[in-house]
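Subject: Structure handover

Hello,

Here is the structure for you to open. My notes on it follow below.

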Amino acid sequence: MRMVDLIEKKRDGKSLTKEEIDYIVTAYTEGSIPDYQMSALLMAIFYVDMTDEEITNLTLAMANSGEVIDLSSIEGIKVDKHSTGGVGDTTTLILAPLVASVGVPVAKMSGRGLGYTGGTLDKLEAIPGFKIELSEADFIRLVNESKVAVIGQSGDLAPADKKLYALRDVTATVSSIPLIASSIMSKKIAAGADAIVLDVTTGDGAFMKNLEDAKRLAQTMVRIGKLANRQTMAVISDMSQPLGEAIGNSLEVVEAIETLQGKGPKDLEEMCYALGSQMVVLAKKADSLEEARQLLEEALHSGKALEKFRQMITDQGGDASVIDDPSKILTAKYEVEVPAKTSGVVTKLVANELGIAAMMLGAGRKTKDEDIDHAVGIKLHKKVGESVTEGESLLTIYSNTEAIEDVKALIDQNIEIGEDGAEPPLIHDIITE
């Protein structure tokens, strides 16, 4: 095959075959197709689109470009969850123990975060001693014994995706839905899950800014999953304001603990029930989403889910006493209140800008090599639709430096108070087909 012929074929609106896509992914990963030719193909895909069959074949080729994890020795149906990202996205910390506490095996491989705050691994490493690097044998043993373990993603997982994403980033092709869908799903399939639950976020703090694009992405990934013999569901959730109240690693761990105690933010708890119910149904532990939700509510309010989190922390070498004494990880030197300048109702909290403010404090990283300050971040006291009086605290900044004028200025520019404001819907749609 000649790459130039395949570029021309896609440019002219024709579909690539499985054999052609396999050749492209293998040859590019091995280095025999140069970046300039792959860039041309990516741009053709960006403009021409791909069929469901093409996207599925691309996904499987990328998944098979490196290590494919075999989780068959774990008893039961393994369900993975993926979020397309957002601000204050603490759900995995809650979902893993919550879903495991009703008997669903959660064998979760996560990555580190770029941008606003750390990824799931960074949050877990805010817990003293927590080990995210485990051997495959220990990982499987823990899931069989305790039903849950969360570890770092293997470096050999979907290497084609790593190369392609880096190229998309510098060729203005990141926002192509076929390329986004295949990138996400290739890693999920390579990670060995039997079924996949997707949280596709939309709004100011999400990658997909408008609802129609988010729906198309969710529907595409659900179809890919099913064509690849993985049962797949998706929730389209709102990220026009941060989810929950905490933005920052230690703050989000504490928020997860509070949620598992039944004392967390209601929007975060509701999101965990929505995603968790899908995970329980796909694992065949309940026949309906309603039955699954009832199981999860009982597990949370009885304390079973919190005890499962305690067990998970202990199993992975962490200090589980942080559950009883959160002050062990809330160690920022300074806590600065940001008061409301007027009375009224909060009408806007621009999620991505508040996330950038947290990143400026050190809660996130701009490059993969940057260190994260686990202690810093922002804790919201008011959300959209809530009333506030002049001088009342809108949020608290947790910082390890007093030089935060630029952070405060960015926050001031991105919180609006007016006479009337409605709370945005938390969940826009649920995609099961």
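Helix 5 and helix 12 are oblique to each other. Their axes lie 10 Å apart and make an angle of about 50°. Please keep in mind that this is a predicted model.

The crossing of helix 5 and helix 12 is right-handed. On the helix 5 side, the contact uses Thr91, Ile94, Leu95 and Val99. Helix 12, residues 266-282, answers with Leu268, Met271, Cys272, Leu275, Gly276, Met279 and Val280. By class, that contact has nine nonpolar residues, two polar and no charged.

Two of those contact residues turn up again in a cavity. Leu95 and Met279 both line the second largest cavity. The other lining residues there are Val79, Asp80, Lys81, Thr92, Ala96, Val106 and Lys108. Strand 1 (79-83), helix 5 (91-100) and strand 2 (106-110) each give two or more residues to this lining. The second largest cavity holds about 60 Å³ of space. Its lining splits into five nonpolar, one polar and three charged residues.

Now the other cavities. How many cavities of 30 Å³ or more does the structure hold? There are five. The largest cavity has about 100 Å³ of space. What classes of residue make up the lining of the largest cavity? Twelve residues are nonpolar, with no polar and no charged ones. They are Leu16, Ile21, Ile24, Val25, Met38, Leu41, Leu42, Ile45, Met50, Leu58, Leu164 and Leu179. Helix 3 (35-48) and helix 2 (18-30) each supply at least two of them. Helix 3 gives the most, with four residues.

Helix 2 also packs against two other helices. Take helix 1 (residues 3-11) to begin with. The axes of helix 1 and helix 2 cross at roughly 125° and come within 11 Å. Helix 1 and helix 2 are therefore oblique to each other. Their crossing is left-handed. Met3, Leu6 and Lys9 of helix 1 make the contact with Glu20, Tyr23 and Ile24 of helix 2. That contact has four nonpolar residues, no polar and two charged. Ile24 is also part of the lining of the largest cavity.

The other partner is helix 4 (residues 52-63). Here the axes come within 9 Å, and the crossing angle is roughly 35°. Helix 2 passes helix 4 in a right-handed crossing. From helix 2, the contact takes in Lys18, Ile21, Asp22 and Val25. From helix 4, it takes in Glu54, Asn57, Leu58, Ala61 and Met62. The classes are five nonpolar, one polar and three charged. Ile21, Val25 and Leu58 in this contact also line the largest cavity.

Last, a pocket. The second largest pocket has a volume of about 210 Å³. It is lined by 16 residues, and the closest to its centre are Gln241, Pro242, Asp267, Lys383 and Glu423. Its lining is made of seven nonpolar, three polar and six charged residues. Asp267 falls within the residue range of helix 12, 266-282.

Best wishes

Definitions and conventions. Residues numbered from 1 in each chain as written. Predicted model: local features only at pLDDT ≥ 70, side-chain atom pairs only at ≥ 80, totals over all residues. Heavy atoms only, no water. 1 Å grid on protein atoms, 1.4 Å probe; cavity = no way out; pocket = protein on both sides within 12 Å on 5 of 7 lines; lining within 4 Å. Points joined across faces, edges and corners; volume = space filled by probe spheres on them. Nonpolar A, V, L, I, M, F, W, Y, C, P; charged D, E, K, R; others polar. Axes fitted to C-alpha atoms, helices over the stretch in contact; angles between N-to-C directions. Parallel < 35°, antiparallel > 145°, perpendicular 65-115°, else oblique. Left-handed = near helix turned anticlockwise from the far one by under 90°. Contact = heavy atoms within 4.5 Å.
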